[in-house]
Amino acid sequence: MPNSPAPARRSVLKVLAAAPAVSALGGLATVTTASAAAAHAPARPAAPAATAPAAPAPAVPLAAPGIVKALPAAHFTVRSTNAEARFDGFGDTGLLTPVDRFFVRNHTTTPVLDAADWRLTLWGDGLHGRSPVHFTYGQLRDLPSVTRTALIECAGNGRSYYTSQQGEPVTGTAWTLGAVGAARWRGVRLADVLRRAGIARDAVDLLPRGLDDPYVSGGIDYGRVRRPLPVAKAFDDVILAYEMNGEPLPYDHGHPVRLVVPSWVGIASIKWLGDIEVSTRPLSSPWSTDWYRLFGDAHPAGGSAPISRQTLKSGYQLPFGATLEAGRVHRLTGRAWSAHAPVRTVEVSTDGGAHWRRAHLHDIPRRDGWVRWSTPWLPRVTGPATLLSRTTDAAGNTQPERAVHNTQGYLFNAVVRHPVTVA
Ligand SMILES: Nc1nc2c(c(=O)[nH]1)N[C@H]1C(S)=C(S)[C@@H](COP(=O)(O)O)O[C@H]1N2
Ligand SMILES: [Mo]
């Protein structure tokens, strides 16, 4: 790895973020400090009591990962160091996903960083001056801000359906549909920061890197989470976000500053951003060579090019295996989204795909957003049934019956078969 400036000092509270009891405390208590950054700091966990904290309440997963916020089982499924949001329960959320319902994908643990100590460093041969340029949190806040709504969705969202629907093995976190959320992000255009830092005309690639711990897996240290970002995308619509849904960026979502890379796979949106290499040559990292390529029989030997744009999906806001009463009308609801273009239609089938009809859309379809939809259903026959939904976007993309397999289970886009029981 090339030499690079030291990361910002971390708060000693980091140890709290790694402690198993933190999820039980997160959100229940806050501490106040006199620091200038306090006004911009999200609620932080209380200092632990001298004695061991009481056993977590039943609603809190016992094997809590290094996530600061509370993860009640009603809203999250913990998967290793990650927390999947309960998509089946999104029916009571609006177009924006509240922070306390937003999935967390952490390679390691959430570092609890203090905005007052934080600074962003840009460095590399793609800067005119060739020497590193720094921005403090205050300097970023003083730049013109932009606010925009965007989804963040993990490249592996829906991965488990490769196995459960298609019988194909995949590696990685077994997400269902809940590794996605929509938020209103406020921050600074990355383009503005790059211009101020003196980006050279021949710069082609950036390598934004997080301040979380290096990622170690199978005995290999892959270094800090980092992923090349082409300069063209950086200048298009990427923001350095410091607010999420009108609040300071929460610890788990990248406090104090993260990238938001609209319509691209979630890994592009580096959290806890510490530095950005700016280069006149193409850059790479394990997150663009070992992962986030499509490997397998349907793809080029050695893998596809690194994946960038997300795909399209839809789903019912209903638990798998839900029981619905026969002989009365149910209002089935769901969401649909596409990273290519606004959603155009959602079709639904309540008989395993034999008949399809249009669902009613409740939102104006927009790029980088999702739409809520509903359909009435009067089931008459008791027994098992399969609900399907299929979205088509304004660019003509439609969810296929099968997704093209890749060994790491990225970009699942097929129609999800949703089992229910009519009783
Ligand atoms: N520094 C850092 N950035 C990161 C990650 C990480 O582990 N460390 N995970 C990435 C992945 S794989 C995803 S899907 C998104 C998840 O963002 P969220 O946790 O705010 O939902 O963050 C991305 N940014
Ligand atoms: Mo991800």
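1. Ligand 1 is the place to start. Its surroundings comprise 20 residues, of which Phe103, Asp212, His253, Arg258 and Lys271 come nearest. This is a predicted model, and the points below should be read on that footing.

2. By type, the shell around ligand 1 holds 10 nonpolar residues, 6 polar ones and 4 charged ones. Half-open or enclosed is the next thing to settle for the site. Ligand 1 sits in the largest cavity.

3. Three polar contacts to ligand 1 can be checked in the viewer. In the side chain of Lys271, an N or O atom is 2.6 Å from an oxygen atom of ligand 1. Phe103 takes part through its backbone, where a polar atom is 2.7 Å from an oxygen atom of the ligand. Arg105 also uses its backbone: an N or O atom there lies 3.0 Å from an oxygen atom of ligand 1. As for cover, ligand 1 taken alone exposes 530 Å², and the protein buries 100% of that.

4. One open sheet has 5 strands, in the order β4-β3-β14-β7-β10, and its pairing is mixed. At its edges are β4 and β10 (229-230), each of which pairs on one side only. The edge strand β10 runs antiparallel to β7 (residues 205-210), and 2 bridges join the two. Across this pair, Asp205 stands opposite Pro230 in β10.

5. A further open sheet is made of 4 strands with antiparallel pairing, ordered β15-β17-β21-β20. Here β15 (312-316) and β20 (360-361) are the edge strands, each pairing on one side only. Between β15 and β17 (residues 330-338) there are 5 bridges, and these two strands run antiparallel. Lys313 stands opposite Trp337 in β17.

6. Two backbone details deserve a look. Most residues other than glycine have a negative phi, and most peptide bonds are trans. Arg130 is not a glycine, yet its phi is positive, at about 70°. This residue is in the loop between β3 (119-123) and β4 (133-136). Both of those strands belong to the sheet ordered β4-β3-β14-β7-β10.

7. The other detail concerns a proline. Which form does the peptide bond from His255 to Pro256 take, cis or trans? The bond is cis, with omega near 5°. Pro256 is placed in the loop between β12 (247-248) and β13 (258-260). Arg258, listed among the residues that come nearest to ligand 1, falls within the range of β13 (258-260).

Conventions
Residues numbered from 1 in each chain as written. Chains lettered and ligands numbered in written order. Predicted model: local features only at pLDDT ≥ 70, side-chain atom pairs only at ≥ 80, totals over all residues. Heavy atoms only, no water. Near = heavy atom within 4 Å. Polar contact = N/O pair within 3.5 Å; in protein donor to acceptor, adjacent residues only side chain to side chain. Areas by Shrake-Rupley, 256 points an atom, 1.4 Å probe, with all protein chains shown as cover. 1 Å grid on protein atoms, 1.4 Å probe; cavity = no way out; pocket = protein on both sides within 12 Å on 5 of 7 lines; lining within 4 Å. Sits in = over half its atoms within 2 Å of the grid points. Nonpolar A, V, L, I, M, F, W, Y, C, P; charged D, E, K, R; others polar. Pairing = 2+ DSSP bridges.
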